[in-house]
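Please open the model in your viewer and keep the sequence panel beside it. The tour moves from one selection to the next.

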Amino acid sequence: MSHAKRLTRRFFRRDPETLARALLGQVLVRRLPNGKLLSGRIVEVEAYLGIEDKAAHTYGGRRTERNASMWFDGGHAYIYFTYGMHYCMNVVSARAEVPTACLIRALEPLEGLDEMRRRRARTRLPARLKDSDLCSGPAKLTQALGIDRQLDGVDLVTSDELFLVRGRKVLGANLTVAPRVGISYAKEWAWKPLRFFLRGNPHVSR
DNA sequence: ATGACGATTTACT
DNA sequence: GTAAATCGTCATA
């Protein structure tokens, strides 16, 4: 898996909705400082459309220290801290100065399941965790893969710590579209169909 | 300097 | 279904 073909800049420089659909089925790879490889196949993503999107951190053109990397070129990582305890990871879309991104909401774990179990074991016993408890949510997967603010702004096209490789093709018939999660404050933007996931996949968030 | 609030997860009734 | 956990960030002053 770590030898598979990496996704190029060209792949990421698309509008967030198109990129979100294209990200389904691709593989996110994390190389830990000790060299261990953790990876998972993307099964759920949301698109954030930037300045016009009331649910986006860059709504209205907001540019702060926290969301700075969302303004980077497509293919960078935007990782933020939320609820006083969780990290979430986005893949930045489009070009530099066009602050749009795709939130990675769930992965199907592929490599390093034991390490993921250990990292997810803060509350429960590792042995009691099902595979579908490891990466079935945006903050679960960052915890499982050891992704935090240190990786905010890294270039996924060139980094050896965090990157994406080409996965198996996804069948259109398995792709489901739905409203995004946890953004009821965004009013009319809350029910736009910008969440994409693989129908019936057990690793999709609940 | 202050206060309100999360692009969530977990446990419990 | 409801609620607690927990604190950096941002808008306001």
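Which residue takes a positive phi in the hairpin of β4 and β5? Select A94: in this hairpin, which has six residues between the strands, A94 has a positive phi near 60 degrees. Before going on, note that this is a predicted model, in which local features need pLDDT of at least 70 and side-chain atom pairs count only at pLDDT 80 or more, while totals for chains, interfaces and linings use all residues. Residues are numbered from 1 along each chain as its sequence is written, chains are lettered from A and ligands numbered from 1 in the order in which they are written, and side-chain values use heavy atoms, with hydrogens and water left out.

Next, colour β3 (77–82), β4 (86–93) and β5 (100–111); strands are DSSP runs of E with at least two residues, helices runs of H or I with at least four, numbered from the N terminus. β4 pairs with β3 in the antiparallel sense over six bridges, and four bridges join β4 to β5, also antiparallel, where pairing requires that DSSP finds at least two bridges between two strands. To follow the ladders, pick I79 with its bridge partner M89 in β4, then N90 with its partner L103 in β5. Six of the eight residues of β4 are buried, that is, under 20% relative accessible area with a 1.4 Å probe and protein chains only.

Now show DNA strand B with the 24 residues around it, of which H57, Y80, N90, Y185 and R206 come nearest; a residue counts as near if one of its heavy atoms lies within 4 Å. β3, β4, β5 and α4 (138–145) each supply at least two residues of this surface. Zoom in on the phosphates: a polar side-chain atom of Y185 lies 2.4 Å from a phosphate oxygen of DNA strand B, and an N or O atom in the side chain of R105 is 3.2 Å from a phosphate oxygen. At P138, a polar backbone atom is 3.2 Å from a phosphate oxygen of the strand.

Finally, hide the DNA and select Y83, C88, R105, P138 and V181, which of the 26 lining residues lie nearest the centre of the largest pocket. The elements that give two or more residues to this lining are β3, β4, β5 and α4. A pocket here is an open set of points on a 1 Å grid over the protein atoms alone, where a 1.4 Å probe fits, with protein on both sides within 12 Å along at least five of seven lines, and lining residues have an atom within 4 Å of a point.

Key: Polar contact = N/O pair within 3.5 Å; in protein donor to acceptor, adjacent residues only side chain to side chain. Buried < 20%, exposed > 50% of the residue type's maximum accessible area, 1.4 Å probe, protein only.
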